[in-house]
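Work through the exercises below with the sequence and the model at hand. Each task is followed by a solution in steps.

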Amino acid sequence: LERAVSSYQAALAVNPQHVQSRNNLAVVYTLTGAMDSAAAHFRTALDTQPAYAEAHNNVGVLLRDDGNVVASLEHYEKCLELDPRAQMAAQNRLHALNYLDGVTPAHVFEQHANWGAKYEQQAEHELASCAHAGDKAAVEVLSRREQMRARFRTSSSLGSSLQETQVIKIGYVSAD
């Protein structure tokens, strides 16, 4: 990490206004525990370019880790306002909701469900765009998914052969 710090400092010596280098330096400072330095560089990056979405997400992480969940949410939401596709900010926001006083589990669940639906919609759009552009993997995914849906429709229309007392075991294999 020391090399990263010296590299970003060298980049900023050439161009002090380069917000990505300043943001990245602040992230490295965060990782090393130099929170005051991180905060100062994030502040400078956002003073230079207030619409830098990634820096807002990173400030949110810094604030959350410092225990200021309310302020962190403001930065996650600003990041998402500037870049609605910022998945890390969306996930960080959902995570932070768990630590707010007065937020019900039902509200947290609703927010997760809304995010899931939005994420699914974005993924569907990207998959369809890739398939339309001739991406063979995307075409294959769409084809296999349609085959699975057809099988499900067929088995559902035949009625369930399971007895109420039968147990269905559901699991998955992880690549981990």
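**Exercise 1. A salt bridge between two helices**

Is R145 buried, partly exposed or exposed?

Solution. R145 has a relative accessible area of 24%. Buried means under 20% relative accessible area, exposed over 50%, and partly exposed in between (1.4 Å probe, protein chains only). R145 is therefore partly exposed.

The model is predicted: local features need pLDDT of at least 70, side-chain atom pairs count only at pLDDT 80 or more, and totals for chains, interfaces and linings use all residues. Residues are numbered from 1 along each chain as its sequence is written, and side-chain values use heavy atoms, with hydrogens and water left out.

Next, find the partner of R145. R145 forms a salt bridge with E124, and the closest N and O atoms are 2.5 Å apart. A salt bridge here is a side-chain nitrogen of Lys or Arg within 4 Å of a carboxyl oxygen of Asp or Glu. R145 lies in helix α8 (residues 136–157) and E124 in helix α7 (residues 105–132), so the pair ties together parts that are 21 residues apart in sequence. E124 is partly exposed too, as its relative accessible area is 29%.

**Exercise 2. The chain as a whole**

State how many helices and strands the protein chain has, and what share of its residues is buried.

Solution. Helices (H or I, at least four residues) and strands (E, at least two) are DSSP runs, numbered from the N terminus. By this count the protein chain has eight helices and zero strands. Read from the N terminus, the order of elements is α-α-α-α-α-α-α-α. Of the 176 residues in the protein chain, 28% are buried.

Then turn to contacts, where contact means heavy atoms within 4.5 Å. Among contacts in the protein chain with a separation of 6 or more, 36% are between residues 24 or more positions apart.

**Exercise 3. The residue R93**

Locate R93, classify its exposure and list what it touches.

Solution. R93 is in helix α6. Its relative accessibility is 16%, so R93 counts as buried. Leaving out residues up to four places away in sequence, R93 touches L73, Y76, E77, L80 and Q111.

One of these residues, E77, also meets R93 in a side-chain salt bridge (3.2 Å, N to O). This pair links distant parts of the chain: E77 is in helix α5 (residues 69–82), R93 is in helix α6 (residues 87–97), and they are 16 residues apart. E77 counts as partly exposed, because its relative accessibility is 39%.

The structure holds six salt bridges. Another of them joins the side chains of D65 and R64, also at 3.2 Å, N to O. D65 is partly exposed, with 49% relative accessible area.

**Exercise 4. Two helix pairs**

Describe how α6 packs against α5 and against α4.

Solution. Two packed helices are described by the angle between their axes and the distance between the axes. Axes are lines fitted to C-alpha atoms, for helices over the stretch in contact, and angles run from 0 to 180 degrees between N-to-C directions.

Step 1, α5 with α6. The two axes come within 9 Å and cross at roughly 155°. That makes α5 roughly antiparallel to α6. Angles over 145 degrees count as roughly antiparallel, under 35 as roughly parallel, 65 to 115 as roughly perpendicular and the rest as oblique. The crossing is left-handed, a term for a near helix turned anticlockwise from the far one by less than a right angle (right-handed if clockwise).

Step 2, the residues of this contact. V69, S72, L73, Y76, E77, C79 and L80 in α5 meet A89, A90, N92, R93, A96 and L97 in α6. By class, the contact of α5 with α6 has nine nonpolar, two polar and two charged residues. Ala, Val, Leu, Ile, Met, Phe, Trp, Tyr, Cys and Pro count as nonpolar, Asp, Glu, Lys and Arg as charged, and the others, Gly among them, as polar.

Step 3, α4 with α6. Helix α4 (residues 53–65) packs on α6 at an angle of about 25°, with the axes 10 Å apart. α4 and α6 are therefore roughly parallel, and α4 passes α6 in a left-handed crossing. On the α4 side N57, V61 and R64 take part, and they meet M88, A89, N92 and H95 in α6. These residues divide into three nonpolar, three polar and one charged.
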